Amino acid sequence: MDTVWKLLLGIGIGLLVAWLALIVALLAAGRRYERPGLREMLRLLPDLLRLLKRLTADSTLPRGVRVWLVLLFGYLAIPIDLIPDFIPVIGYADDAVIVALALRMVARRAGPDALRRHWPGTPAGLDAVLRIVGVGAPTAADRPPEPR
């Protein structure tokens with residue numbers, strides 16, 4: 001019985017170290033760009049949710065992309081996470097990492113134009129999202145018009 005607990009503890013520690021390494025790698029990659037502050041990231045949340053919903057409903061996107069987005073919504077809806085949300089900072093980091101990876105997959109399979117077409121927020125928010133998913137900021141001609 002003691003061996004089983006050691007094995008489970010080792011697996012748990014290994015998963016935690018792997019997630020921490022992923023978070024550090026994402027933070028290191030994000031240093032190439034101007035990172036938005038916490039307030040700006042919180043402002044992006046409603047726009048990101050609307051973007052994901054619009055992308056999921058877009059029948060012009062490949063079916064596989066839409067299936068992955070539905071699975072993402074399912075993962076975000078269930079209360080069980082890879083890292084529990086009650087753990088400070090990293091509890092919500094796994095959700096952020098998974099959303100960023102899903103958007104990166106959408107941008108690579110459907111093209112960044114799909115993100116631009118469905119983005120409901122400000123051009124600055126779109127710039128931040130495109131930097132996060134690794135497709136670069138759009139040119140001035142690519143940006144949607146400013147809301148009045």
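This passage walks through the fold of one chain, its nonpolar core and two residues of helix H2.

The model described here is predicted. The chain is built from six helices and has zero strands, so that, by the way helices and strands are assigned, its elements read α-α-α-α-α-α from the N terminus on. Of its 148 residues, 32% count as buried. The surface that the chain exposes comes to about 9,900 Å², and carbon and sulfur atoms supply 67% of this area. Among contacts with a separation of 6 or more, 54% join residues 24 or more positions apart.

A good place to look inside is the largest nonpolar core, which has 24 residues. Leu55, Leu103 and Leu115 have the most contacts inside this core. Two or more residues each come from H2, helix H3 (63-77), helix H4 (90-110), helix H5 (112-118) and helix H6 (123-132). H4 gives the most, with six residues. In soluble globular proteins, nonpolar side chains tend to be buried together.

Leu55 shows what such a position looks like in detail. Setting aside residues up to four places away in sequence, Leu55 touches Leu61, Arg66, Leu69, Leu103, Val106, Ala114, Leu115 and His118. Two of these partners, Leu103 and Leu115, are themselves named with Leu55 for having the most contacts inside the core.

Thr56 lies in helix H2, which spans residues 38-57. Is Thr56 buried or exposed? Thr56 has a relative accessible area of 19%, and because buried means under 20%, Thr56 counts as buried. Apart from neighbours within four places in sequence, Thr56 is in contact with Arg66, Leu69, Val70 and Phe73.

How values were computed: Residues numbered from 1 in each chain as written. Predicted model: local features only at pLDDT ≥ 70, side-chain atom pairs only at ≥ 80, totals over all residues. Heavy atoms only, no water. Helix = DSSP H or I, 4+ residues; strand = E, 2+ residues; numbered from the N terminus. Buried < 20%, exposed > 50% of the residue type's maximum accessible area, 1.4 Å probe, protein only. Contact = heavy atoms within 4.5 Å. Core = buried A, V, L, I, M, F, W, Y, C linked by side-chain atoms within 4.5 Å. Areas by Shrake-Rupley, 256 points an atom, 1.4 Å probe, with all protein chains shown as cover.
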